[in-house]
Amino acid sequence: MLRRPDPVRRVPQPDPGLASPRKQHALELFAGLPRHYDAAGAVLSFGQDPRWRRALVAAVGAERNQRVLDVATGTGMVARALARASGCEVVGVDQSRQMLARARAVTTGIPSLAGRISFIEGQAERLPFADGEFDHVTFTYLLRYVDDPGATVREMVRVLKPGGRLASLEFGVPSRALARGLWRGYTRVGLPALGRLVSRDWYDVGRFLGPSIEAFNTDYPPAGQRRLWEQTGLRSVEVRRMSFGAGVVMSGTRGGDPASP
């Protein structure tokens with residue numbers, strides 16, 4: 001029988017009005033997206049976003065009755081995929097109330113999942129959980145929106161049990177010249193144009209994404225992200241570049257497992 005979720009230790013969250021410019025922009029950017037987020041993400045990525053998320057879930061390897069924390073859960077796509085794939089219990093965390101409202105509404109409509117997934121408002125930099133509380137931790141498209149990626153990864157490792165897996169999905173930039181040129185043309189011109197067909201909010205996202213992804217990958221290329229993970233004590237870190245490098249799935253294991261050498 002699946003056990004009931006343990007009581008959650010709530011930590012006071014910063015007032016959004018006091019958030020850094022980067023975090024405040026993220027809150028504003030996502031406020032108008034929840035209704036079309038899942039479908040628009042799939043269409044605007046030509047079907048690659050769902051494929052990358054499936055790879056993320058597979059990289060975790062969660063098992064029935066384990067607890068998984070999904071940070072930056074958004075509308076709960078990864079949380080629901082984790083629960084479907086393994087029968088595990090999932091806690092989704094996001095700082096956007098609008099995204100969480102959509103996540104709850106969609107999940108409540110799926111009786112087979114509703115009892116195994118819960119959503120709470122919180123920030124990745126200050127997770128309201130005890131040390132080593134989760135068997136695995138996932139996050140999606142998060143690090144471009146935080147002020148200190150290294151500290152954020154350390155905080156997620158803090159709540160991860162020794163021997164547990166941390167897995168992430170982030171956007172990347174193709175390394176080959178032709179693919180990179182096509183990617184840049186699409187993200188600078190095609191993505192904003194297609195986003196405009198959905199809504200003004202998606203147009204704004206379309207204009208923002210390309211420069212944001214490229215700037216983050218200049219500061220934190222996949223090899224740099226790998227070093228950052230290893231500095232937190234994660235081992236066996238794997239980097240999988242998908243769709244010519246436009247999507248990057250990473251995973252690693254927290255050290256300290258008594259069964260490990």
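Colleague: Which residues of helix α3 are buried?

Modeller: In this predicted model, the buried residues of α3 are Asp49, Trp52, Arg53, Ala55, Leu56, Val57 and Val60. A residue counts as buried when its relative accessible area is under 20%, and you can look for each of these names along the helix, which covers residues 48-60.

Colleague: What do the buried residues of α3 pack against?

Modeller: They pack against the helices α2 (37-44) and α4, and also against the strands β4, β5, β6 and β7.

Colleague: How far does α3 reach from its first C-alpha to its last, and what follows the helix?

Modeller: With its 13 residues α3 reaches 19 Å, which is close to the 18 Å expected at 1.5 Å a residue. The helix is followed by Gly61, and the phi of this glycine is positive, near 65 degrees.

Colleague: Now to the sheet: in what order do its strands lie?

Modeller: The general idea is to walk across the sheet from one neighbour to the next, rather than along the chain. Here the sheet is open, has 7 strands with mixed pairing, and reads β3-β2-β1-β4-β5-β7-β6. The edge strands are β3 (117-121) and β6 (234-242), each of which pairs on one side only. Neighbouring strands are turned against each other by 15 degrees on average, with direction ignored.

Colleague: Which strands run parallel to β4, and how many bridges join them?

Modeller: Strand β1 (residues 67-71) runs parallel to β4 and is joined to it by 4 bridges, while 6 bridges join β4 (residues 134-140) to β5, again in parallel. Thr138 is a helpful residue to find, since it is the bridge partner of Asp70 and has Ala167 as its bridge partner in β5. To get from β4 to β5 the chain passes through helix α7 (residues 149-158), and this β-α-β crossover is right-handed.

Colleague: Is the pairing of β5 with β7 parallel or antiparallel?

Modeller: It is antiparallel, and 7 bridges join β5 to strand β7 (residues 247-254). As one example, Arg165 stands opposite Thr253 in β7.

Colleague: Are β4 and β5 mostly covered or mostly open?

Modeller: For a strand, a useful approach is to count its buried residues. In β5 (residues 160-171), 9 of the 12 residues are buried, and the strand is mostly covered. In β4, 7 of the 7 residues are buried, so β4 is largely enclosed by the rest of the structure. When you turn the picture to study such strands, keep in mind that in a regular strand the side chains alternate between the two faces of the sheet.

Colleague: Which strands does helix α7 touch when it packs on the sheet?

Modeller: Helix α7 touches β1, β4, β5, β6 and β7, and its direction makes about 140 degrees with that of β5.

Colleague: What should I look for in the nonpolar cores?

Modeller: As a general idea, in soluble globular proteins nonpolar side chains tend to be buried together. In this model the largest nonpolar core has 42 residues, and Tyr37 and Leu82 are those with the most contacts inside it. Leaving aside residues up to four places away in sequence, Tyr37 touches Phe30, Arg53, Thr75, Met77, Met99, Tyr141 and Trp202. A second, separate core of 27 residues includes Leu143, Met156, Val159 and Leu228.

Colleague: Why does Arg80 count as buried?

Modeller: The step is to compare a residue's relative accessibility with the cut-off, and a value under 20% means buried. Arg80, which lies in helix α4, counts as buried because its relative accessibility is 4%. Among the residues that Arg80 touches are Asp38, Thr75, Ala103 and Ile117.

Colleague: Which phi sign does Tyr141 have, and is this residue buried or exposed?

Modeller: Tyr141 has a positive phi of about 50 degrees although it is not a glycine, and it lies in the loop between β4 and α7. Because its relative accessibility is 8%, Tyr141 counts as buried. Ser236 also has a positive phi of about 50 degrees without being a glycine, but this residue is found in strand β6 and is partly exposed, with a relative accessible area of 46%.

Technical notes:
Residues numbered from 1 in each chain as written. Predicted model: local features only at pLDDT ≥ 70, side-chain atom pairs only at ≥ 80, totals over all residues. Heavy atoms only, no water. Buried < 20%, exposed > 50% of the residue type's maximum accessible area, 1.4 Å probe, protein only. Helix = DSSP H or I, 4+ residues; strand = E, 2+ residues; numbered from the N terminus. Pairing = 2+ DSSP bridges. Right-handed = clockwise from strand over helix to strand, strands pointing away. Axes fitted to C-alpha atoms, helices over the stretch in contact; angles between N-to-C directions. Contact = heavy atoms within 4.5 Å. Core = buried A, V, L, I, M, F, W, Y, C linked by side-chain atoms within 4.5 Å. Expected span 1.5 Å × (residues − 1).
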